[in-house]
Amino acid sequence: MTQNRSHAVMAQRAEPHDSLDFFPTPAWATRALCWHVLREMFGPTEDMSVWEPACGIGAMVRPLQERFRRVYASDVHDYSHLWPDQERVTDFLLHGSESPCIEAQGIDLIVTNPPFRLGVQFARRALEAPFVRRGVALLVRTAFLESVERHRLFTDHPPTVVAQFVERVPMVKGRLDRTASTATSYAWIVWARGNTDTRLRWIPPCRKALDRDSDWPAEGSAA
């Protein structure tokens, strides 16, 4: 049997301090959030708005567009050469509340896969932003639940749901790769405004049902 040597993210990965930490999210993992977590927590999302502030090449934006009325997309880096639909180059941590992405009345949710080393900062920025009406969802390595710094985050802002994937979610630096594998475990951490009673749940096996051929770049594509 041939070993899969695709450079998927590993649990011990360490990124340089100035790295963009760009690991596009497979679309099925975002659909899993919508179908197995958000729908139960918030009900139908078709009339809701959502902002993805670390959109990269739009891998998470496309499945969100299937379930939300309006999806805003921005990133600190300009990926428009790879994804022309990127709406804005915005540093979420510095200028999030000033972004033209924000509707006059605010937005319902922030949903993103933040750079791991900036995960706490992304969480605090989103959770403390007055323009976010309903909640925040971050896709993180399960190891994000560890560390004193994150304990402070969870004490200040208890999550509503920690939704653990029972399947692995392979992510590859800089590109989408359907054949990748990984030793890293992932979970969605979701906060709902006004709900501080944290519960753990499991996202059931769903990749086969939620994965689509159209989610993946054609062979040889830069994406």
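This is a short tour of a predicted protein model, stop by stop.

**Before you start.** Residues are numbered from 1 along each chain as its sequence is written. Because the model is predicted, local features need pLDDT of at least 70 and side-chain atom pairs count only at pLDDT 80 or more, while totals for chains, interfaces and linings use all residues; side-chain values use heavy atoms, leaving out hydrogens and water.

**Whole chain.** Show the cartoon. You will find six helices and eight strands. Helices here are DSSP runs of H or I, at least four residues; strands are runs of E, at least two; both are numbered from the N terminus. Along the sequence the order reads α-β-α-β-β-α-β-α-β-α-β-β-β-α. Of the 223 residues, 54% are buried, meaning under 20% relative accessible area (exposed is over 50%, partly exposed in between; 1.4 Å probe, protein chains only).

**Strand β2.** Select residues 70-75. Five of the six residues in this strand are buried. Now add β1, residues 49-52. It runs parallel to β2, joined by four bridges. Strands count as paired if DSSP finds at least two bridges between them. Pick out tryptophan 51: tyrosine 72 in β2 stands opposite. Next, add β3, residues 88-89. Two bridges link β3 to β2, again in parallel. Here serine 74 has arginine 88 as its bridge partner.

**Glutamate 46.** Move to the loop between α1 (27-42) and β1, and select glutamate 46. Is this residue buried or partly exposed? Glutamate 46 is partly exposed, at 36% relative accessible area. Leaving aside residues up to four places away in sequence, glutamate 46 touches Arg67, Phe68 and Arg69; contact means heavy atoms within 4.5 Å. Show side chains for glutamate 46 and arginine 67: they make a polar contact at 2.9 Å. That term means a pair of N or O atoms within 3.5 Å; within protein, one must be able to donate a hydrogen and the other to accept it, and residues adjacent in sequence count only if both atoms are side-chain atoms.

**The cores.** Select Phe68, Val111, Phe165 and Trp188. These have the most contacts inside the largest nonpolar core, which has 38 residues. A nonpolar core is a set of buried Ala, Val, Leu, Ile, Met, Phe, Trp, Tyr and Cys residues joined through side-chain atoms within 4.5 Å. Colour α1 next: this helix gives the most to the core, eight residues. Another core, of 24 residues, lies apart, with Ala54, Ala126, Leu138 and Phe154 among them.
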